[in-house]
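Please open the model in your viewer and keep the sequence panel beside it. The stops below each give a selection to make and then describe what is there.

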Amino acid sequence: LIHRFIMLSKLESEIQDKIVKDMTADGWIVLKSISNNKSGFPDLQCIKYGRCIFIEVKQPGKKLSTLQEFRGAQLKEHGFEHYVFTSANDIDKIKT
């Protein structure tokens, strides 16, 4: 069971690394949330030409926690875009 958890966690970090790499190559400034004073805050903050979006990276089939859902709604309430990505291909959702 512990081995499976480590493998799943690695998958999420691999997805996140690919998203960061691809978005950076597309001209985005990408900040990774490693630790902050707001639990449940999205993993990535991405900025490009006055646009600021927040991305929560999840393993395929995994759901947001209640707190993560709350933070996403809170960000949207303040006018920001909030997405949940389960693959680097989800970047297509934000292309303008």
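Begin by selecting Asp43, which is found in the loop between strand 1 and strand 2; helices (H or I, at least four residues) and strands (E, at least two) are DSSP runs, numbered from the N terminus. Before going further, please note that this is a predicted model, in which local features need pLDDT of at least 70 and side-chain atom pairs count only at pLDDT 80 or more, while totals for chains, interfaces and linings use all residues. Residues are numbered from 1 along each chain as its sequence is written, and side-chain values use heavy atoms, with hydrogens and water left out.

Is Asp43 buried or exposed? Asp43 counts as buried because its relative accessibility is 14%, where buried means under 20% relative accessible area, exposed over 50% and partly exposed in between, with a 1.4 Å probe and protein chains only. If you display its contacts, meaning heavy atoms within 4.5 Å, and leave out residues up to four places away in sequence, you will find that Asp43 touches Gln16, Leu31, Lys32, Ser33, Ile55, Glu56 and Val57. From this list, pick Ile55, which is 12 residues from Asp43 in sequence and 6.0 Å from it in space, C-alpha to C-alpha.

Next, select residues 44–48, which form strand 2, together with residues 51–57, which form strand 3; the two strands pair in the antiparallel sense over 5 bridges, and two strands pair if DSSP finds at least two bridges between them. Within this pairing, the bridge partner of Leu44 in strand 3 is Ile55, and Gln45 stands opposite Phe54. In the hairpin of these strands, with 2 residues between them, look for Tyr49, which takes a positive phi near 50°. On the other side, strand 1 and strand 2 pair in the antiparallel sense over 4 bridges, with Lys32 opposite Leu44 of strand 2.

Now show the side chains along strand 2. In a regular strand the side chains alternate between the two faces of the sheet. Here Leu44, Cys46 and Lys48 point to one face and are buried, while Gln45 and Ile47 point to the other and are not.

Widen the selection to the whole sheet, which is open and has 4 strands in the order 1-2-3-4 with mixed pairing. Its edge strands are strand 1 (29–32) and strand 4 (81–85), each of which pairs on one side only. Neighbouring strands of this sheet are turned by 25° against each other on average, direction ignored, the axes being lines fitted to C-alpha atoms, for helices over the stretch in contact, and angles running from 0 to 180 degrees between N-to-C directions.

Return to Leu44 and display its contacts, again without residues up to four places away in sequence: they include Gln16, Ile19, Val20, Ile53 and Ile55. Leu44 also belongs to the largest nonpolar core, which has 16 residues, and among these Ile19, Met23, Leu44, Cys46, Ile53, Ile55 and Ile94 touch the most other members. Such a core is a set of buried Ala, Val, Leu, Ile, Met, Phe, Trp, Tyr and Cys residues joined through side-chain atoms within 4.5 Å. Helix 1 (2–25), strand 2, strand 3 and strand 4 are the elements that give two or more residues to this core, and its largest share, 4 residues, comes from helix 1.

For the last selection, colour the aromatic rings. A search of the whole structure finds 3 aromatic pairs; rings of Phe, Tyr and Trp (its six-membered ring) pair if their centres lie within 6.5 Å, with planes under 30 degrees apart counted as stacked, over 60 as edge-to-face and the rest as tilted. The rings of Phe54 and Phe80 have their centres 5.3 Å apart and their planes at 90°, so this pair is edge-to-face. The pair links distant parts of the chain, with Phe54 in strand 3 and Phe80, 26 residues away, in the loop between helix 2 (66–77) and strand 4. Phe54 counts as buried at 4% relative accessibility, whereas Phe80, at 33%, counts as partly exposed. Add Phe41 to the selection, and you have the cluster of Phe41, Phe54 and Phe80 that ring pairs link.
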